[in-house]
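Colleague: I should be grateful for a close look at one residue and its setting, followed outward through the rest of the fold. Please give the criteria behind each term as you go.

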Amino acid sequence: MPIVENHGFELVDVEYVKEGGTWYLRAYIDKPGGITVDDCELVSRAFSDILDEKDYIEDTYIFEVSSPGLGRPLKKEKDFARSIGEEVEIRTYRPINRQKEFVGILKEYDSETVTIAYEDETVQVFQRSEIALIRLAFDF
């Protein structure tokens, strides 16, 4: 966090995942107006120096720094607050009425629930414990 914040960016998420037999350490950063390739490079160099020095992870991995992208996941309180009125996609762990994917306008949230409204103005309330992923929806 200090590295990212010292450069005026927000640390959105960090993940350590195995894909196709290769481990990836990913840091997602953001700032008002969006992230550039130069921003990613700046943070990547600062992180890499510390990761090499401290050697926190024993496995061989690829380190990446990027923007959270158009389909930014909502994880923190401020993510939800700035997304009120925006279209979101929700994926649930288990089917609800034989469906696991929902798209609607984020109307409300609290520590236990998330409420979205559909085009026909009906609303649906989800328990946060039911939600596997919630992110901004995007149309092409």
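Which residue in β2 stands opposite Glu10?

Modeller: Opposite Glu10, in β2, stands Asp30. The model is a predicted one, in which local features require pLDDT of at least 70 and side-chain atom pairs count only at pLDDT 80 or more, while totals for chains, interfaces and linings use all residues. Residues are numbered from 1 along each chain as its sequence is written, and side-chain values use heavy atoms, with hydrogens and water left out.

Glu10 belongs to strand β1 (residues 10–19). Elements are DSSP runs numbered from the N terminus: helices are H or I of at least four residues, strands E of at least two. β1 runs antiparallel to strand β2 (residues 22–30), and nine bridges join the two; strands are said to pair if DSSP finds at least two bridges between them. Together with β3 they make an open sheet of three strands in the order β1-β2-β3, with mixed pairing. Its edges are β1 and β3, each of which pairs on one side only. From one strand to the next the twist averages 15°; here axes are lines fitted to C-alpha atoms, for helices over the stretch in contact, and angles run from 0 to 180 degrees between N-to-C directions.

The side chain of Glu10 also meets that of Arg82 in a salt bridge of 3.5 Å, N to O. This pair connects distant parts of the chain, as Arg82 lies in helix α3 (residues 77–83), 72 residues from Glu10. A salt bridge is a side-chain nitrogen of Lys or Arg within 4 Å of a carboxyl oxygen of Asp or Glu. At a relative accessible area of 14%, Glu10 is buried, whereas Arg82 is partly exposed at 42%; buried means under 20% relative accessible area, exposed over 50%, and partly exposed in between, with a 1.4 Å probe and protein chains only. The pair is part of a network of salt bridges that links Glu10, Lys78, Asp79 and Arg82.

Strand β1 takes part in another such contact through Asp13, whose side chain forms a salt bridge with that of Lys75 at 3.0 Å, N to O. Lys75 sits in the loop between β3 (61–66) and α3, 62 residues from Asp13. Here too a buried acid, Asp13 at 18%, meets a partly exposed base, Lys75 at 48%. Over the whole structure the search finds 13 salt bridges. One of them joins Glu89 and Arg91, with the closest N and O atoms 2.9 Å apart; Glu89 is buried at 12%, and Arg91 is partly exposed at 30%.

Across β2 and β3 lies helix α2 (residues 37–54), running at about 145° to β3. Phe63 touches Leu25, Ala27, Ser44, Phe47, Ser48 and Leu51, leaving aside residues up to four places away in sequence; contact means heavy atoms within 4.5 Å.

A nonpolar core is a set of buried Ala, Val, Leu, Ile, Met, Phe, Trp, Tyr and Cys residues joined through side-chain atoms within 4.5 Å. The largest one has 15 residues, of which Val4, Ile29, Val43, Phe47, Phe63 and Val65 touch the most other members. Two or more residues come from each of α1 (2–6), β2, α2 and β3, and the largest share, four residues, is that of α2. Apart from this core lies another, of twelve residues, including Ile90, Ile96, Phe102 and Ile116.

A further open sheet has five strands in the order β7-β6-β5-β4-β8, with antiparallel pairing. Its edge strands, β7 and β8 (131–136), each pair on one side only, and its twist averages 40° from one strand to the next. Strand β4 (residues 87–96) is joined to β8 by five bridges, and Ile90 stands opposite Ile134 in β8.

Finally, the aromatic rings. Rings of Phe, Tyr and Trp (its six-membered ring) pair if their centres lie within 6.5 Å; planes under 30 degrees apart count as stacked, over 60 as edge-to-face and the rest as tilted. By this rule there are five aromatic pairs. Phe102 and Phe126 form an edge-to-face pair, 5.0 Å centre to centre with 65° between the planes. Phe102 lies in strand β5 (residues 99–109) and Phe126 in strand β7 (residues 123–127), so the pair ties together parts 24 residues apart in sequence. Phe102 is buried at 4% relative accessible area, as is Phe126 at 0%. Elsewhere, ring pairs link Tyr16, Trp23 and Tyr61 into a cluster.
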